[in-house]
Amino acid sequence: MSAPIELWFWPTPNGHKITIALEEMGLPYTVQYLNIGGGEQFTPEFQRLNPNGRMPAIVDPQGPDGQPISIFESGAILQYLARKTGQFYGSDERSRTEVDQWLFWQMAGLGPMAGQTHHFRQYAPAMIQDQRQLAYGVNRYTNETHRLYGVMERRLQDREYLAGDYSIADMACWPWILPRHQGQTFDDFPNLEAWHARIAARPAVQKGKAIGADLRRDLGSGGKDAEAARSILFGQRGR
């Protein structure tokens, strides 16, 4: 039995990518909860793992040379875990390249754009008094998320998963498909809806998605706690 991987985590789509992968791959792990609304990502201990101050990050006590290794950025973590276990990453260079394309597409497109949609639709209304200032941001990112849903819809027209077989690319994308929070509806995307349901039915996905569910908070709500969390999350500058 391998020593457990230490996962620094908070229940967001980026965090759930890793819990899902760890469950799918059958790797033992422990969870170090990192309250990003409380600023715990800025502690010196975590900054040594990730100088960017974002979760998730992992520490594998049995790295490639038998020594501990720490990794940040969810895409890099997924690639590392897939290489470590030989799972969900294709069996040759051609299939791995196919997986990489869709993994990087998620990292560069779906995640950032859907994240901005969440910001302008859920969080910014509690921060800006004149709601007219939000209209452009809401429309811009809601439309871009719709476009990205369309990219997946076309891709899934003749296949069950993004890169052929079920892979870390699917694990990366699945947590970010949240139509209700993103101003979307599956009515426009039947192939995407079927893909989403297919993955949601996997026991490992259900278990990974449940990690930290009781810690989720509505950062778009009123109250001093939510206001303080928004200030920490959305008021950061270079230091």
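Start by selecting G212, in the loop between α9 (203-210) and α10. You are looking at a predicted model, so treat each stop on this tour as a feature of that model. G212 has a relative accessible area of 5%, and because anything under 20% counts as buried, G212 is buried. Now show what surrounds G212: leaving aside neighbours within four places in sequence, G212 is in contact with F9, P11 and Y33. For a sense of scale, draw a C-alpha to C-alpha distance from G212 to V151. These two are 61 residues apart in sequence and 30 Å apart in space.

Next, bring up the largest pocket, which holds about 1,400 Å³ of space. To find its centre, select T12, P13, N14, I36 and W176, the closest to that centre of the 48 residues that line the pocket. Then colour by element: α1, α4 and α10 (224-234) are the ones that give two or more residues to the lining. Which element gives the most to the lining of the largest pocket? The answer is α4, with ten residues. If you colour the lining by residue type instead, you will get 19 nonpolar, 21 polar and eight charged residues.

Stay with α4 and pick T117, which lies in this helix, at residues 93-123. Is T117 buried or exposed? T117 counts as buried, because its relative accessibility is 0%. Turn on the side chain and look back along the helix: a polar atom of the T117 side chain lies 3.0 Å from the backbone oxygen of M113. Beyond the neighbours within four places in sequence, you can also light up Q122, Y141, T142, T145 and Q182, which are in contact with T117.

Now move to helix α3, residues 74-85. Its twelve residues reach 17 Å from the first C-alpha to the last, close to the 16 Å expected at 1.5 Å a residue. Select S74, G75, I77, L78, Q79, Y80, L81 and A82, which are buried in α3. What covers these buried residues? Show β1 (5-9), α1 (13-25), β3 (57-60), β4 (69-72), α4 and α6 (168-173), which are included in that cover.

The two ends of α3 deserve a look at the backbone torsions. Most residues other than glycine have a negative phi. In the loop between β4 and α3 you will find E73, a residue other than glycine with a positive phi, near 75°. E73 counts as partly exposed, because its relative accessibility is 35%. On the other side, α3 is followed by G86, whose phi is positive, near 70°. Continue into the loop between α3 and α4 and select F88. Phi of F88 is also positive, near 60°, again in a residue other than glycine. F88 is buried, because its relative accessible area is 18% and the cut-off for buried is under 20%.

For the last stop, go to P56, in the loop between α2 (44-49) and β3. Most peptide bonds are trans. Which kind of peptide bond joins M55 and P56? Read omega in your viewer: with a value of about 5°, the bond joining M55 and P56 is cis.

Key:
Residues numbered from 1 in each chain as written. Predicted model: local features only at pLDDT ≥ 70, side-chain atom pairs only at ≥ 80, totals over all residues. Heavy atoms only, no water. Helix = DSSP H or I, 4+ residues; strand = E, 2+ residues; numbered from the N terminus. Buried < 20%, exposed > 50% of the residue type's maximum accessible area, 1.4 Å probe, protein only. Polar contact = N/O pair within 3.5 Å; in protein donor to acceptor, adjacent residues only side chain to side chain. Contact = heavy atoms within 4.5 Å. Expected span 1.5 Å × (residues − 1). 1 Å grid on protein atoms, 1.4 Å probe; cavity = no way out; pocket = protein on both sides within 12 Å on 5 of 7 lines; lining within 4 Å. Points joined across faces, edges and corners; volume = space filled by probe spheres on them. Nonpolar A, V, L, I, M, F, W, Y, C, P; charged D, E, K, R; others polar.
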